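Biologist: Could you take me on a close look at the nonpolar interior of this protein? I would like to hear which residues build it and how the rest of the chain is arranged around it.

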Amino acid sequence: MKVIPDIMTEINQVMALVDERQLDAAMPYLTKDKRIFVIGAGRSGFQAKGFAMRLMHIGYTDYVMGETITPSIQKGDTWVAISGSGTTKSIVADTEAAKKLGLNIVAFTSAAESPLAKLADAVVIVPGATKTGAGVKSIQLLSTLFDQTVHITLDALTLKLAKRDDTSNADALHEHVNVE
C-alpha cells in the first residue's frame, strides 16, 4: 500500500490554502530588537521548538516557554503560540496571560474562530487536520497534517525574515552549533 503520494497531495492542498499575506502581517512583530517567546503543547510544541531554533540561527533572541533558561516575559515582547485546534487549555491560558502583560501575540492555528486566534494581533491559519477534526480532512492520524504544514509555514516565515533582514546562509551557519 502506497501512502506517500496521498500524504503529499494533502500537504500541497493545505499549503495552497495558507495565505502568505498573513505571514507578511506577522513579520512586523518579529524583529531582532524584540525578544520572542514561542509556545506549543505536544506535537505543536515540537514545531515551536524547531521554529525557535531557526529564529536563533538567523540572529533573533528567542525562548521556548517551559525551558529552564526561559526568562520572564515583559511588555513589548512577542509571543508566538502554536495550536492546531486553537483550544488547548494551557496554550490559551498562557496566551491570555501574555496578552494581559502587554505582549504582541502571533498565533498559528487551523481554526480561525478559535479562542487562540481571537487573542492574536496576527493570526496565520494553517488549515491542516487536527485531532478535533478541524481543517482539511486527512488520511493521517490526529494532527499530523497540521504538524507537517505548520512546520513548512514556519520555515516559510523564517525565510521571509531572513530575506527581509539580509541574513545569508553563511550567517545562519555561523550561529549553528559547532560542537557536535
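Modeller: Happy to; here is a walk through the interior, followed by the chain as a whole and a few spots on the outside. Please keep in mind that this is a predicted model.

Let us begin with the largest nonpolar core, which has 34 residues. Those with the most contacts inside this core are Val38, Val80, Phe108, Val126, Leu157 and Leu161. Many elements take part: helix 1, helix 2 (20–26), strand 1 (35–40), helix 3 (42–57), strand 3 (78–82), strand 4 (104–109), strand 5 (122–125) and helix 6 (144–164) each supply at least two residues. Helix 6 gives the most, with seven residues.

Valine 38 is a good place to zoom in. Setting aside neighbours within four places in sequence, valine 38 is in contact with Ala48, Phe51, Ala52, Tyr63, Val64, Met65 and Val80. Val80 also appears among the residues with the most contacts inside the core.

There is a second, separate core as well, made of 14 residues. Val92, Ala98, Ile105 and Ala120 are among them.

Now for the chain around these cores. The protein chain has seven helices and five strands, and read along the sequence they follow the pattern α-α-β-α-β-β-α-β-α-β-α-α. Of its 180 residues, 46% are buried. Taking contacts between residues at least 6 apart in sequence, 69% join residues at least 24 apart. The radius of gyration is 16 Å, which agrees with the value near 16 Å for a compact globule of 180 residues. Along the principal axes, the C-alpha trace spans about 45 × 40 × 30 Å.

Nonpolar side chains also turn up on the outside. The chain exposes about 9400 Å², and carbon and sulfur atoms supply 58% of that area. Met1, Val3, Ile4, Met8 and Ile139 form a nonpolar surface patch with about 580 Å² of accessible area together. Valine 3, in the segment before helix 1 (4–17), is partly exposed because its relative accessible area of 32% falls between the 20% and 50% limits.

Two loop residues deserve a glance for their backbone angles. Leucine 142, in the loop between strand 5 and helix 6, has a positive phi near 50° without being a glycine; its relative accessibility is 57%, so leucine 142 counts as exposed. Aspartate 166 lies in the loop between helix 6 and helix 7 (169–175). Aspartate 166 is not a glycine either, yet has a positive phi of about 60°, and it is exposed, with a relative accessible area of 67%.

Terms used: Residues are numbered from 1 along each chain as its sequence is written. This is a predicted model: local features need pLDDT of at least 70, side-chain atom pairs count only at pLDDT 80 or more; totals for chains, interfaces and linings use all residues. Side-chain values use heavy atoms; hydrogens and water are left out. Patches are made of residues with over 30% relative accessible area and no salt bridge: like charges are joined within 9 Å, nonpolar side chains (Val, Leu, Ile, Met, Phe, Trp, Tyr) within 5 Å. Accessible areas come from the Shrake-Rupley method with a 1.4 Å probe; for residues, only the protein chains shown count as cover. A salt bridge is a side-chain nitrogen of Lys or Arg within 4 Å of a carboxyl oxygen of Asp or Glu. Helices (H or I, at least four residues) and strands (E, at least two) are DSSP runs, numbered from the N terminus. Buried means under 20% relative accessible area, exposed over 50%, partly exposed in between (1.4 Å probe, protein chains only). A nonpolar core is a set of buried Ala, Val, Leu, Ile, Met, Phe, Trp, Tyr and Cys residues joined through side-chain atoms within 4.5 Å. Contact means heavy atoms within 4.5 Å. The radius of gyration is taken over C-alpha atoms; the globule rule is 2.2 Å times the number of residues to the power 0.38.
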